[in-house]
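Colleague: I would like to learn how to read a model like this one. Could we go through it feature by feature?

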Amino acid sequence: MNDAPLMSVRGLTVDFPLGRGGLFGKPQMLRAVRGVDFDLAPGRTLGLVGESGSGKTTTAMAAIRLAPASGGQVMFDGADLMALTPGQMRQHRRHLQVIFQDPYSSLNPRDRVGAIVREPLDLMDVGDPAGRAVRVEELFTLVGLRRDQMALFPHQFSGGQRQRISIARALATNPRLIVCDEPVSALDVAIQAQILNLLRRLQGEFGLSYLFISHDLGVVQFICDDIAVMYLGEIVEMADRPTLFSRPRHPYTAVLLEAAPSLARRKSQGYRRQGIVKGDPPSPLNLPPGCAFASRCPQAQDRCRAEKPALRDTGAGKVACHFPL
Amino acid sequence: MADPLMSLRDLRVEFDTRHGRVTALSGISLDVMPGETLGIVGESGCGKSITALAMMGLVPNPPGHVTGGQILFQGEDITRAKPRRLRRLRGREIAMIFQEPMTSLNPVFTVGDQIAEAILLHQDVSRAQAEKQVVDLLATVGIPEPARRAKAYPHELSGGMRQRVMIAMAISCRPKLLIADEPTTALDVTVQAQIFDLMRDIQREFGVAIVLITHDMGAIAEMTDRVAVMYAGRIIEQGTSDQILDNPLHPYTRGLIGCIPVLGREAGDAASLPPLAEIPGIVPPLHLLGDGCAFAERCALADDYCRAVRPPLEEKGHPVACHHAGQGVPA
Ligand SMILES: Nc1ncnc2c1ncn2[C@@H]1O[C@H](COP(=O)(O)OP(=O)(O)OP(=O)(O)O)[C@@H](O)[C@H]1O
Ligand SMILES: Nc1ncnc2c1ncn2[C@@H]1O[C@H](COP(=O)(O)OP(=O)(O)O)[C@@H](O)[C@H]1O
Ligand code: SF4
Ligand code: SF4
Ligand SMILES: [Mg+2]
Ligand SMILES: [Mg+2]
């Protein structure tokens, strides 16, 4: 990463209260994100990958202050986001947008889609009403929808078209960064390809940065420049795309790559998976003292169970493992 | 060659909808051989799940109707079977697992009780014997501490463990045919890998034939011997998995393969990967299907003949339904 980062996250920590342990007990806390650091350069895409519950969504939401962090710092475009007043945060909001996985529940079913796309412009007072109308038409064309569709309601669109509407809405205020949380996971492969190509084209056109969450490594390889692998609320490996895919250093990254489906693995050739990872991750409420991956790691040794590995530079990236591959 | 275990012969299924009668499946013919894995692949709405439900004699009625053809299980036409006979087949011979195991498990009973119930319904054993079988089955499907987990409620298990429980229940009566409708779509890739390994082990151990429904060509490659590709309620291409993956002839099949961002270590090296191949547009709704090829409005090779005349499924190396099969850019 050579450019000065657009977003720089240090020590990001997020806790969720979990009710009380007994009548007078202290409220129990679930630490969902545990000291995450990353930089996102302008015009680049950082992928967050990892199993369900590893903290991808929570990390991204806390980084753009849509969820409260309990610690850490987020510098965005020169501003310390955590230190801003709500009024100041509003000024930055237009540069930070989100696209969610579910194109069904993230669009208000009672609003016409033209109004849905215009809403952020209204909320953030961007331009005058005539200018906003022109902008909405422009956005529809940009994402491959027709202007005559602006008066329709969300249910009159297919899943892929609804995702285009979400993208148009996210682009409305000319943001600099868009969080894409599993934006194609709910779509059929053919539609997924349409949306992925669109996201890449828009990035090139507007110099957008994406924080891109996905559990599909094929998708991640296609769209991301840099990848952070998360396990139980921490980044365990981070590298640029060629490095991560050609030479994974963390045993968990290797296991994820091994588990991903691929056309080259044929039943007809007697394919059997090599290093399959056993079981589920441990509960985030009951973390082991050493490496969080030790209970499932094929390489685990005594030291792993006693001493927690720090995220260290490898020259080509970063890895948190005592015995990197 | 052995006799097929399950055969669909020219099957037709229609639904009553607010657009009138629509044809959800049309002229579906396929065989599942004993011990093999047949894949069914296609975008959502193409008729994969209805095909699976038909094999179980479970087409929802109303609004669905089997209006033509035969569903033969070991030669017996189950479209004519009595409900009692069907229930027996479903418990003992044919079993099914679904995408979201949570919805198929009862939240207020322990998983052990639910598996035991399935065993007691179909086998002549005592409660104690059934409970012993439950623990063995949970161990077979790779659940750690099976005796303890048997006492867990569904919500106390992870998604992967719930799917293992469903598989345990499905194999409890040693079925000959296991139908798996997108069994791993809701799961992480690591867990999907575990479930696929389990399905392969079970197939090797019990010789069960598997019908795997998926939209994932990677799953087809790794799991299946043969594949049927469906589009808008018809089979549009069929062959061995290698034929379909290495030499697809139908433009839709080529599109499905070309649009996947394939994971490959070589691909990681390029500075920027080329755009994905796209299949433009979407699957047409059933009530708008015309006389011509249903894929025509999304197909780069479509001509007036395609739009007017539906291509039949014909042998062109392997069966494919396209007037211009094998032409244009290969996948
Ligand atoms: N509102 C909440 N209250 C309590 N715990 C939460 C809340 N949101 C998330 N968590 C917990 O925080 C952890 C991280 O969750 P998060 O949703 O960020 O994971 P994720 O990586 O995005 O997973 P997925 O792939 O399933 O979307 C999990 O243990 C989750 O159960
Ligand atoms: N209960 C139903 N009533 C009306 N139409 C249905 C019903 N179930 C399925 N269909 C229609 O039948 C077609 C095939 O559905 P399905 O087999 O579920 O597709 P797939 O599993 O390939 O996604 C779809 O067009 C769907 O809308
Ligand atoms: S530190 Fe040890 S247990 Fe953890 S990933 Fe590395 S080798 Fe495995
Ligand atoms: S018949 Fe014509 S329209 Fe249909 S898939 Fe073949 S070339 Fe395309
Ligand atoms: Mg998430
Ligand atoms: Mg289905």
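Colleague: How many residue pairs are in polar contact across the interface of chain A and chain B?

Modeller: A word on the source before the count: this is a predicted model. A polar contact is a pair of N or O atoms within 3.5 Å. Across the interface of chain A and chain B, 14 residue pairs are in polar contact, with both residues at pLDDT 80 or more.

Colleague: Which elements of chain A give two or more residues to the side that touches chain B?

Modeller: They are α6 (189-206), α7 (217-223), α8 (241-246) and α9 (251-259) of chain A. The largest share comes from α6(A), with 9 residues. By class, this side of chain A divides into 21 nonpolar, 13 polar and 12 charged residues.

Colleague: How many residues of each chain are in contact, and what area is buried between chain A and chain B?

Modeller: On the residue count, 46 residues of chain A are in contact with 55 residues of chain B. The buried area between the two chains is about 4,300 Å², and carbon and sulfur atoms give 53% of it. Within chain A, the residues that lose the most area to chain B are A:L263, A:R266 and A:K267, which together make up 16% of what that side buries.

Colleague: What should I know about salt bridges, and how many are there between chain A and chain B?

Modeller: The general idea is that side chains of opposite charge can pair when their charged atoms come close. Between chain A and chain B the count is 3 salt bridges. One of them joins A:R266 to B:D242, with the closest N and O atoms 2.9 Å apart. A:R266 is also among the residues of chain A that lose the most area to chain B.

Colleague: How many salt bridges does a search of the whole structure find?

Modeller: Over all chains, the search finds 38. Among them is the pair A:R132 and A:D122, whose side chains meet at 2.9 Å, N to O. A:R132 lies in helix α4 (residues 129-142) of chain A and A:D122 in helix α3 (residues 113-123) of chain A, so this salt bridge ties together parts that are 10 residues apart in sequence.

Colleague: Now the ligand. Which residues come nearest to ligand 2?

Modeller: There are 13 residues around ligand 2, and B:G45, B:G47, B:K48, B:S49 and B:I50 come nearest. Three of the distances to backbone atoms can be read one at a time. A polar backbone atom of B:G45 is 2.7 Å from an oxygen atom of ligand 2. For B:G47, a polar backbone atom is 3.0 Å from an oxygen atom of the ligand. For B:I50, a backbone N or O atom lies 2.7 Å from a ligand oxygen atom. Taken alone, ligand 2 exposes 560 Å², and the protein buries 69% of that.

Colleague: Which elements supply the shell around ligand 2, and what classes of residue does the shell have?

Modeller: In chain B, β1 (6-17) and α1 (48-55) each supply at least two residues. The largest share, 3 residues, comes from α1(B). By class, the shell has 6 nonpolar, 5 polar and 2 charged residues.

Colleague: Last, the backbone. Where is the peptide bond cis, and which residue that is not a glycine has a positive phi?

Modeller: The bond from B:N61 to B:P62 is cis, with omega near -15°. The bond from B:P62 to B:P63 is cis too, with omega near 5°. B:P62 is in the loop between α1 and β4 (64-73) of chain B, and B:P63 lies in that loop as well. The residue with positive phi is B:Q74, at about 50°. B:Q74 is found in the loop between β4 and β5 (76-77) of chain B.

Note on methods: Residues numbered from 1 in each chain as written. Chains lettered and ligands numbered in written order. Predicted model: local features only at pLDDT ≥ 70, side-chain atom pairs only at ≥ 80, totals over all residues. Heavy atoms only, no water. Near = heavy atom within 4 Å. Polar contact = N/O pair within 3.5 Å; in protein donor to acceptor, adjacent residues only side chain to side chain. Areas by Shrake-Rupley, 256 points an atom, 1.4 Å probe, with all protein chains shown as cover. Helix = DSSP H or I, 4+ residues; strand = E, 2+ residues; numbered from the N terminus. Nonpolar A, V, L, I, M, F, W, Y, C, P; charged D, E, K, R; others polar. Contact = heavy atoms within 4.5 Å. Buried area = accessible area lost by both parts, 1.4 Å probe. Salt bridge = Lys/Arg side-chain N within 4 Å of Asp/Glu carboxyl O.
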